Amino acid sequence: MRILMIQPNYHSGGAEIAGNWPSSWVPYVGGALKTAGFTEIRFIDAMCNYIGDVELAIEIKKYQPDVVLCTAITPMIYKSQATLKLVKTVCPEAKAIMGGVHPTYMYREVLGEAPWVDYIIRGEGEEITVNLLKAIANGTDEQERRNILGIAFLEDGKVVATPAHPPIKDLNTLTPDWSLLDWDKYIYTPLNTRVAVPNYSRGCPFRCRFCSQWKFWRKYRSRSPKQFADEIERLVKDHNVGFFILADEEPTINKSRFVALCNELIDRNLGIHWGINTRVTDILRDEKELPLYHKAGLVHVSLGTEASAQLNLNLFRKETTIADNKRAVQLLRDNGILAEVQFIMGLPNETPETIEETYRMARDWKADMTNWNMYTP
Ligand code: B12
Ligand code: SF4
């Protein structure tokens, strides 16, 4: 069975100015499919290669896929829906499948707007995709689909959503296949080196009100530091990766495991640099360990500072203070680690004055980079 994975040609600027980023869902879901015995898998990165619809249609037609897998986060949903429509125009018999954060929550809207989508994978993709594709390969998906957990589809014009699939118990069972990516394309511009986005942990034990991610992965899990360092070593040795950012929400919550991971990376002396997203509270807790983190190659930390008003931090259920935010930025900078701060803008109480105040505060904290995210109810 020929499987085609497509990253839609959607661009939002933002972090894309730092380089060309690889899609992580491809090695993780593609790796699970290969481990399950599906060998004919191709990936087209229409985003990174700016592949327009005409060229994409030619490529799809040439490959004649039986199944097409396409991802979607919220801003790219229309491009993702249009990409699967293109698939149906060129190869009407191919099964069109969509996964990712947006359709996981909004499957009703997606199936309403894009009835050509055959299946939506809701949540963590590896196990659900294998189960669904086994049924498709056997030609039994239409009979079996109501028993496949974690999917949604249209039946007689009505949306059917099966119960959620349980989270993967042991993340050490993941088998990412990084060879699905065309590595020459993925360059992190500031260091002029190849970049990867591996997954050490999934989920978050916190419950910030604006955040989609803790609900998405449901249970916090992390891989063993040694097994994860093995993967980094393979990325360096097999694919010449020089920089990675963790795809994780909260990699540092378990301090002893994170310290063990840093020690593994130091012992292996891979010459790799890396970045993470994490919480202000973890940076304050780990003040004494920051030199060790830096020695392990950690050069960039993006902090969920979120707001410049305590009222909003409380509203978000963030469990931090404005003074904590400022101190975390300072600690990172003192340890030679680039400090990026993230803000959520556009709450109902936002005014031009509060925007100005947030801007001034970010400057006062002397953050190296500031990221402005729009709150979307
Ligand atoms: C790395 C990353 C990026 C990279 C993307 C690289 C790339 N080519 O994909 C960069 C830095 C470029 C980036 C940019 C942006 N990002 Co970003 N990014 C992330 C981050 C940190 C990790 C994503 C990741 O790789 N995760 C690991 C993989 C394994 O997980 P996954 O992608 O969710 O895939 C799993 C499942 O969802 C599912 N799955 C996913 N797709 C599919 C498809 C199919 C067919 C199947 C079966 C399954 C499946 O299976 C996978 C394995 O379980 C997440 C936060 C996070 N922790 O997830 C934000 C996140 C995805 N980004 C987000 C946003 C908003 C953006 C930007 C729009 C920001 C901006 N304003 O510019 C841009 C969009 C750029 C673009 N053109 O798409 C949001 C999306 C929120 C939403 N509601 O949709 C997130 C969730 C962060 C957040 N909490 O706000 N991002
Ligand atoms: S700490 Fe970060 S990942 Fe966790 S719930 Fe809050 S915003 Fe989401």
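In the predicted model, the shell around ligand 1 comprises 41 residues, of which Gly-14, Ser-24, Ile-73, Gly-99 and Gly-125 come nearest to the ligand. By residue class, this shell divides into 19 nonpolar, 17 polar and 5 charged residues. Both domain 1 (3-161) and domain 2 (186-374) take part in the surroundings of ligand 1, each supplying at least three residues of the shell. In terms of secondary structure, at least two shell residues are supplied by each of three helices, H1 (25-35), H4 (101-113) and H5 (125-138), and by each of two strands, S3 (67-71) and S4 (95-99).

A further element examined was strand S12. This strand spans residues 241-245, and 5 of its 5 residues are buried, so S12 is largely enclosed by the rest of the structure. Pairing was found between S12 and two other strands, S9 and S13. Strand S9 (residues 193-196) pairs with S12 in the parallel sense over 3 bridges, and within this pairing Ala-196 stands opposite Phe-244 of S12. Strand S13 (residues 273-278) likewise runs parallel to S12, to which 3 bridges join it; here Gly-275 of S13 is the bridge partner of Ile-245. The connection between S12 and S13 passes through helix H9 (residues 255-268), and the resulting β-α-β crossover is right-handed. In a regular strand, side chains alternate between the two faces of the sheet.

How values were computed: Residues are numbered from 1 along each chain as its sequence is written. Chains are lettered from A and ligands numbered from 1 in the order in which they are written. This is a predicted model: local features need pLDDT of at least 70, side-chain atom pairs count only at pLDDT 80 or more; totals for chains, interfaces and linings use all residues. A residue is near a molecule or strand if its C-beta atom, placed from the backbone, lies within 6 Å of it. Helices (H or I, at least four residues) and strands (E, at least two) are DSSP runs, numbered from the N terminus. Ala, Val, Leu, Ile, Met, Phe, Trp, Tyr, Cys and Pro count as nonpolar, Asp, Glu, Lys and Arg as charged, and the others, Gly among them, as polar. Domain bounds come from an automatic or database domain assignment. A residue is buried if 20 or more other C-beta atoms lie within 10 Å of its own, exposed if 12 or fewer, and partly exposed in between; C-beta atoms are placed from the backbone. Two strands pair if DSSP finds at least two bridges between them. A crossover is right-handed if, with the strands pointing away from the viewer, the path from the first strand over the helix to the second runs clockwise.
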